[in-house]
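Take a walk through this fold, one contact at a time. Keep the viewer open and follow the side chains.

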Amino acid sequence: MKNSLLLYLIIIVLLLNVFTYMYFSKQLTFVKDKFAKTEVKLKKDLEAVNSKLVDANYFSLEKNENAQNYFNPDNATKTIQVEKLIPVVTEKLMDLNANPKGNPYIGQDQIGPNKFIINKVKILNHRWIIADFSDGEYWGEVLIKYFVNEDESVSFETFQSLLYQK
């Protein structure tokens, strides 16, 4: 009786070990497969996001070689580095937000108690800037022409302004 009980216990322990081994070995394979599928999906998603980013930056001075060549022509004696120009132009335009009546290049008069200021700027090419502006209550967008003068100062000119309805 004792021998048969001991034999049954050994068989049960062996079966438990076999089942446990099979479970964990298949679980490891399952996790590896799931990780591989997730990795492939994430790579595809990353490629899609990169593609969208390239499309979004199509209209930007950083990616537009023709616009960059405007500042760096082959026959120029003096060239402007685009990487340094973009922050300078953006900063000069944003500095005008300190004006007590708001940024003068928004093309909109003050409506309420708050002044209109530029929130976000994107330099499209060697001549155009698009900017988002608001007074906290009203929002709009403006197209601004910019010029880099001979003395490397920057001047602006409002081309078109749009104020969204409340």
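Start at Phe159. Its relative accessible area is 46%, so Phe159 counts as partly exposed. The model here is predicted, so confidence comes next. The average pLDDT of the protein is 88. A score of at least 70 is reached by 96% of the residues. Among the elements, E2 has the highest mean pLDDT, at 95. The lowest mean, 80, belongs to helix H2, residues 65–71.

Now look at the aromatic rings. A pair of such rings is described by the distance of the centres and the angle of the planes. The structure holds 5 aromatic pairs. In one of them, Phe116 and Phe133 have ring centres 5.4 Å apart. Their planes meet at 85°, which is over the 60 degrees required, so this pair is edge-to-face. Where do Phe116 and Phe133 sit in the chain? Phe116 is in the loop between helix H3 (82–95) and strand E1 (117–123). Phe133 is in strand E2, residues 128–134. The two are 17 residues apart, and their pair links distant parts of the chain. Are Phe116 and Phe133 buried or exposed? Both are buried.

Return to Phe159, which also has a ring partner: Trp128. The centres of these two rings lie 4.9 Å apart. The planes stand at 75°, so this pair, too, is edge-to-face. Trp128 lies in strand E2, and Phe159 in strand E4 (residues 154–163). The pair therefore ties together parts that are 31 residues apart in sequence. How is Trp128 placed with respect to the surface, and what is its relative accessible area? Trp128 is partly exposed, at 24%. That value is not under 20%, so Trp128 does not count as buried.

Strand E2 has a further partner in E1. The strands E1 and E2 run antiparallel and are joined by 6 bridges. They form a hairpin, with 4 residues between them. One place to inspect is Ile117, whose bridge partner in E2 is Ser134.

Finish at helix H1, which spans residues 2–56 and contains Leu15. Which residues join Leu15 in a nonpolar surface patch? They are Leu7, Tyr8, Ile11 and Phe19. The patch covers about 540 Å². Leu15 has 44% relative accessibility, so this residue counts as partly exposed.

Key:
Residues numbered from 1 in each chain as written. Heavy atoms only, no water. Patch = residues over 30% accessible without salt bridge, like charges linked within 9 Å, V, L, I, M, F, W, Y side chains within 5 Å. Areas by Shrake-Rupley, 256 points an atom, 1.4 Å probe, with all protein chains shown as cover. Salt bridge = Lys/Arg side-chain N within 4 Å of Asp/Glu carboxyl O. Buried < 20%, exposed > 50% of the residue type's maximum accessible area, 1.4 Å probe, protein only. Phe/Tyr/Trp six-rings, centres within 6.5 Å; stacked < 30°, edge-to-face > 60°. pLDDT = per-residue confidence, 0-100. Pairing = 2+ DSSP bridges.
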